[in-house]
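Thank you for giving me a few minutes this morning. I would like to walk you through one structure slowly, a few residues at a time, so please keep the picture in view while I talk.

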Amino acid sequence: MTTLTRADWEQRAKNLQIEGRALIHGEHRDAVSGQTFECVSPVDGRILGLIASCDAADADVAVRDARATFESGVWSRMKPVERKKIMIRFADLLDAHAEELALLETLDMGKPIAFSLSVDVAGASRAIRWSGEAIDKIYDEVAATPHDELGLVTREPVGVVAAIVPWNFPMIMTAWKLGPALATGNSVIVKPSEKSPLTAIRMAELALEAGIPAGVLNVLPGFGHTVGKALALHMDVDTLVFTGSTKIAKQLMIYAGESNMKRVWLEAGGKSANIVFEDAPCLKEAAEAAAMAICFNQGEMCTAGSRLLVQRSIKDQFMPMVVEALKGWKVGHALDPETQVGALVDQGHLNTVLSYIEAGHADQAKMLCGGKRTLEETGGVYVEPTIFDDAHNKMRIAQEEIFGPVLTVIPFDTTEEAIAIANDSIFGLAAAIWTSNLSKAHLAAKALRVGSMWVNQYDGGDMTAPFGGYKQSGNGRDKSLHAFDKYTEIKATWIKL
Ligand code: NAD
Ligand code: MN
């Protein structure tokens, strides 16, 4: 996809002009308070620039403007086919700026540059394009009415949407919200993570360039407890969509209840079970997928296959294959195109991940590999992919979301036991099973309380399929037409003829 070398990327990084201001009504603005914070790259420790630290005052300005823009009809009442054209242009512009966006993403949150290009930019543009393409193909309903009455069931945009997103896939998480929110005609305020504000700001600039009217897409960088909280408590935000941790998701429900009962849609954490049965069609493939499931995105993935459940009869044969596959994941400087495991998002998160490795030792799980910080000479924050074997499901490393490349391996004997262990979690985001037995695959898929279920593969999906969690992994779904539900109200209009 690109022939740029690490030196090329480094050169571009040096010449980067960082835009860290808020974007409200098509204009860059400093925070009302004038406050800023430093944006530090986890790749090598360099300071990338200053970011506006927005708070409640900025939220007020942005919400008022988003409301006025919505009411003006400039976007909300634009012909669907026109909105479609503009959104497709927006997706085209994301593609056209792929290298620039990828570089911002990698510098800001540490993921390998190759994946920023092939996964993050591509995934974000696909989400915007897919949603845009759908706009003029969706129909409302007519109820089953008697001949002298007409019941219309129509969808209307909710109005002002606040989208609070995390740092692990900053562009994609933003795009999963923006696609359906914009497609359905809403005005949106994005609150990116304080750890990864750069691409959201750049995306909003490109949206303007594509023709999305000023005030439709606004970005307020800043901290969760300041501007995030202000948006969640705001009396004039209609819908709050969120991706992030379960802890904050719960808090947002409280804020909604304390304020205007805004609709709250939550994509939260996970501790997904990847279950390998003795009759897996190919153990080598299963081992490679198990390594991918914990190494990809440095394990900073809501759907990370962080619990590997292995049938005891094959465990001695299987685990060396997993270790070998894991060692194949090249940890390196995030701007090196060969790197597959980049930097963790920041020093604080590295400390969290290392403390879970300590917890694994303390609980006497058996470490098979990894376990240490690495590449300190880069000035960045890198950790070795780590495997704990012979764990059991009550350990902290089996129950809590580590959000780093730390794999917890739990043996089992029977199918029932595997399902019980997998479901013994507060989370219900995803699970995978590996088996050649069709009935077992279907029965297990039904029994597992998760929103995404994979059979003989890990992490499949597309914009065409909904994504979200059961239990404390959240509610509602991103992606697919199901996502449009979050951004529309249903109106029943009954007419006497
Ligand atoms: P986080 O919950 O700490 O932060 C998410 C966002 O919420 C950030 O923008 C943050 O600033 C904001 N926030 C924090 N406190 C807030 C408050 N009091 N009020 C309002 N907003 C507040 O999560 P994170 O560390 O950024 O991301 C990692 C988490 O995201 C993991 O738990 C991961 O599983 C989850 N995640 C879930 C999905 C999914 O689709 N289910 C996808 C990606 C990540
Ligand atoms: Mn950052």
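Leaving out residues up to four places away in sequence, N274 touches A290, R307, L308, L309, A432, W434 and Y458. Before I go further, please keep in mind that this is a predicted model. N274 itself lies in strand β12, and with a relative accessibility of 1% it counts as buried, because buried is the word used for anything under 20%. One of those neighbours deserves a second look, since the side chain of N274 makes a polar contact with the side chain of W434, at 2.8 Å.

Let me stay with asparagine for a moment and move to N186, which is found in the loop between α6, residues 170-183, and β8. Is N186 buried or exposed? At 0% relative accessibility, N186 counts as buried. Its side chain reaches the backbone nitrogen of G159 at 2.8 Å, and a polar atom of that same side chain of N186 lies 3.1 Å from the backbone oxygen of Y487. If we again set aside residues up to four places away in sequence, the residues that N186 touches include F70, W75, P157, V158 and V216, together with G159 and Y487, which I have just mentioned.

One of these, W75, has another partner that you may like to find on the screen: the charged end of R83 sits over the ring of W75, 6.0 Å from its centre.

The helix ahead of that loop, α6, is mostly covered, with 14 of its 14 residues buried. You can also check its length by hand: at 1.5 Å a residue, the 14 residues of α6 should span 20 Å, and the end C-alpha atoms are indeed 20 Å apart, so the expected and the modelled values agree. α6 is followed by G185, whose phi is positive, near 100°.

Now to the rings. How many aromatic pairs does a search of the whole structure find? There are eight aromatic pairs. Take F37 and F223, which form a tilted pair, 4.6 Å from centre to centre and with 50° between the planes. This pair links distant parts of the chain, for F37 is in strand β3, residues 36-40, while F223 is in the loop between β9 and α8, and the two are 186 residues apart. F37 is buried, with a relative accessible area of 11%, whereas F223, at 26% relative accessibility, counts as partly exposed.

F277 and F412 also form a pair, and this one is edge-to-face, at 5.4 Å centre to centre with 80° between the planes. Here too distant parts of the chain are linked: F277 is in the loop between β12 and α10, F412 is in strand β18, and they are 135 residues apart. F277 and F412 are both buried. In addition, K440 lies over the face of F277, at 4.3 Å from the ring centre. Elsewhere, ring pairs link F115, F169, F296 and W329 into a cluster.

Next, the metal. Which atoms coordinate the manganese ion, ligand 2? They come from D108, through O and OD, and from K195, through O, at 2.1 to 2.3 Å. D108 lies in helix α4, residues 98-109, and K195 in the loop between β8 and α7, so the pair ties together parts that are 87 residues apart in sequence. D108 is buried, with a relative accessible area of 1%, while K195, at 28% relative accessibility, counts as partly exposed.

I will finish with two residues that let you compare distance along the chain with distance in space. S118 is found in helix α5, residues 113-134, and at 39% relative accessibility it counts as partly exposed. S118 and A98 are 20 residues apart in sequence and 9.1 Å apart in space, from C-alpha to C-alpha. A214, in the loop between α7 and β9, counts as partly exposed as well, at 25% relative accessibility. The C-alpha atoms of A214 and I397 are separated by 46 Å, with these positions 183 residues apart along the chain. Leaving aside neighbours within four places in sequence, A214 is in contact with H25, G26, T69 and L208.

Methods
Residues are numbered from 1 along each chain as its sequence is written. Chains are lettered from A and ligands numbered from 1 in the order in which they are written. This is a predicted model: local features need pLDDT of at least 70, side-chain atom pairs count only at pLDDT 80 or more; totals for chains, interfaces and linings use all residues. Side-chain values use heavy atoms; hydrogens and water are left out. Donors are N, O and S atoms within 2.8 Å of the metal (3.2 Å for Na, K and Ca); water is not among the atoms, so sites may look incomplete. Helices (H or I, at least four residues) and strands (E, at least two) are DSSP runs, numbered from the N terminus. Buried means under 20% relative accessible area, exposed over 50%, partly exposed in between (1.4 Å probe, protein chains only). Rings of Phe, Tyr and Trp (its six-membered ring) pair if their centres lie within 6.5 Å; planes under 30 degrees apart count as stacked, over 60 as edge-to-face and the rest as tilted. A charge sits over a ring if NZ of Lys or CZ of Arg is within 6 Å of the ring centre and within 35 degrees of the ring normal. A polar contact is a pair of N or O atoms within 3.5 Å; within protein, one must be able to donate a hydrogen and the other to accept it, and residues adjacent in sequence count only if both atoms are side-chain atoms. Contact means heavy atoms within 4.5 Å. The expected span of a helix is 1.5 Å times one less than its number of residues.
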